[in-house]
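Trainee: Please choose one part of this model and take me through it closely, with the cut-offs behind each term, and then place the neighbouring topics after it.

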Amino acid sequence: ALEIAESGGDLELAEHLLERAVRTAPLAGRAAAYRQLGLVRLDFRHDVRGAIDALREAVALDATDLGARHGLDRALHSAAPDDDDDVRFVTFASDPEACGLRRLLASAATFGTRVDVLGLAESSSYSDDDPGAASPQTRSTTNDTEWRNGLKLRLLRDYARRLPARALVCAVDGYDVVLAGGGKELARKLRTHLLRSADASDDDPRGGRVVVASADQTFYFAGPDEACYGAAYPHPAAQPYRFLNSGSLVGEASALADLAAAALDAFAPPDWDGRSDQTLLHRVYVDQHRHRLWKNWNHRAAAAVSNASVDHRRHDPPPPQGLCRWSGDNDDDDDDSARRRRRLLETLPTIVLDHVQVLFGNTGGRAFLRDFDILDGRLHNALTDTFPVVLHCPGKPSFQAEFDRLRGLGWQVNITSCPT
């Protein structure tokens with residue numbers, strides 16, 4: 001197939017031969033077949049999207065294949081913006097009359113963006129051309145139950161499962177978030193900035209199995225294992241936005257559904273009271289990090305032994321083994337719940353944090369430091385020199401005065417003032 005392609009022969013035949021090789025090759029050779037298929041599509045057929053699909057499969061099968069990784073990076077860099085590529089926005093609310101919800105919907109209307117509202121008696125959609133956009137009808141909370149933030153994960157799981165697997169979905173909090181851009185801008189930045197970043201490609205180069213979460217300065221965690229998870233938290237260099245904030249998430253529908261389901265089913269301790277969805281996602285994120293460190297350390301050890309080189313373990317102590325222990329876990333690492341979590345970590349979508357706030361602006365822990373200003377009518381993070389698509393001001397209601405301050409600086413977004 002490669003000889004045909006390189007000699008300028010029948011490229012369709014070359015692609016067909018490689019597609020057959022992908023289907024029939026033994027597992028050990030399948031990654032190479034996907035790599036060659038992707039490179040033929042990219043360099044000879046000029047089928048960028050087909051190349052991306054094949055090269056993602058190659059890297060997923062063999063993350064050490066530098067040729068596939070480089071080819072994937074070239075293909076992603078070459079991908080032209082897709083006019084049809086868009087993001088579905090979804091939020092959560094128990095009170096349809098809440099001022100914060102009205103503010104979010106008004107900001108979305110600035111960009112002609114529809115927002116699906118979950119958590120009311122039935123899901124409702126509001127958009128700039130919907131007469132009810134500014135005044136949603138009163139509805140009771142879901143099943144008339146007390147609202148707890150853990151419901152967000154259940155609602156997101158069920159919502160995402162009803163969508164096409166590859167649909168892009170952005171979930172934001174309902175009462176303290178404002179949109180600073182539309183879905184097409186978010187989709188473009190997601191593709192060209194974060195899914196091509198070293199952080200994302202190192203963790204999960206398949207792209208579609210990545211969920212990007214907002215990041216802020218504050219570690220909010222509710223549980224007795226807070227100290228363990230806090231001590232193990234990854235620390236990106238020279239970034240104040242270190243910790244996951246669950247108030248903004250984006251990814252493909254299947255990835256969000258799988259992540260939400262796993263967080264609820266396997267990462268919620270028996271004594272979890274359902275109040276903090278963020279705590280469950282902290283657990284997943286840190287456990288993924290610890291699991292990855294341990295696997296990499298073991299790979300280096302095995303390579304040193306096979307190459308008869310100096311055993312790095314003498315100079316490179318291992319990372320903490322196992323996962324943070326929960327109340328209810330047994331005292332050994334073979335506890336059933338711990339084993340189940342480790343198995344899930346091999347297949348779960350990778351959580352990547354938006355440390356530089358390319359997508360998600362967040363004032364958590366920095367409400368009075370005023371990281372944000374307005375340039376040419378657009379929201380701008382002066383600390384990281386980015387233009388986020390979402391601004392989240394979590395914490396006390398008084399922190400949301402940031403929205404009004406920015407509007408006073410010339411922010412060209414239609415937002416409603418709310419009591420602080």
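**The largest cavity and its lining**

Mentor: Helix H7 gives the largest share of the lining of the largest cavity, namely 3 residues, where helices (H or I, at least four residues) and strands (E, at least two) are DSSP runs numbered from the N terminus. The model is a predicted one, in which local features need pLDDT of at least 70 and side-chain atom pairs count only at pLDDT 80 or more, while totals for chains, interfaces and linings use all residues. Residues are numbered from 1 along each chain as its sequence is written, and side-chain values use heavy atoms, with hydrogens and water left out.

Helix H7 (150-161), strand E4 (168-172) and strand E7 (243-252) each bring at least two residues to this lining, whose full membership is Phe92, Lys152, Leu153, Leu156, Ala171, Val172, Asp173, Ser246, Leu249 and Asp277. By class, the lining holds 6 nonpolar residues, 1 polar and 3 charged (nonpolar: Ala, Val, Leu, Ile, Met, Phe, Trp, Tyr, Cys and Pro; charged: Asp, Glu, Lys and Arg; polar: the others, Gly among them). The space inside amounts to about 60 Å³, and a search of the whole structure finds 3 cavities of 30 Å³ or more. A cavity here is a set of points, on a 1 Å grid over the protein atoms alone, where a 1.4 Å probe fits but cannot get out, and lining residues have an atom within 4 Å of a point; grid points are joined across faces, edges and corners, and a volume is the space filled by probe spheres set on the points.

Turning from the cavity to the backbone, Gln357 has a positive phi of about 60 degrees although it is not a glycine, and Gln357 sits in the loop between strand E8 (350-353) and strand E9 (360-362). Gln357 is buried, its relative accessible area being 0% (buried is under 20%, exposed over 50%, partly exposed in between, with a 1.4 Å probe and protein chains only). Arg370, which is likewise not a glycine, has a positive phi near 55 degrees and belongs to the loop between E9 and strand E10 (372-375). In contrast to the buried Gln357, Arg370 counts as exposed, at 55% relative accessibility.

One helix contact completes the account: Ala262, Asp265 and Ala266 in H11 meet Arg340, Arg341 and Leu344 in H13, contact meaning heavy atoms within 4.5 Å. The residues of this contact divide into 3 nonpolar, no polar and 3 charged.

Definitions and conventions:
On a 1 Å grid over the protein atoms alone, a cavity is a set of points where a 1.4 Å probe fits but cannot get out, and a pocket is an open set with protein on both sides within 12 Å along at least five of seven lines; lining residues have an atom within 4 Å of a point.
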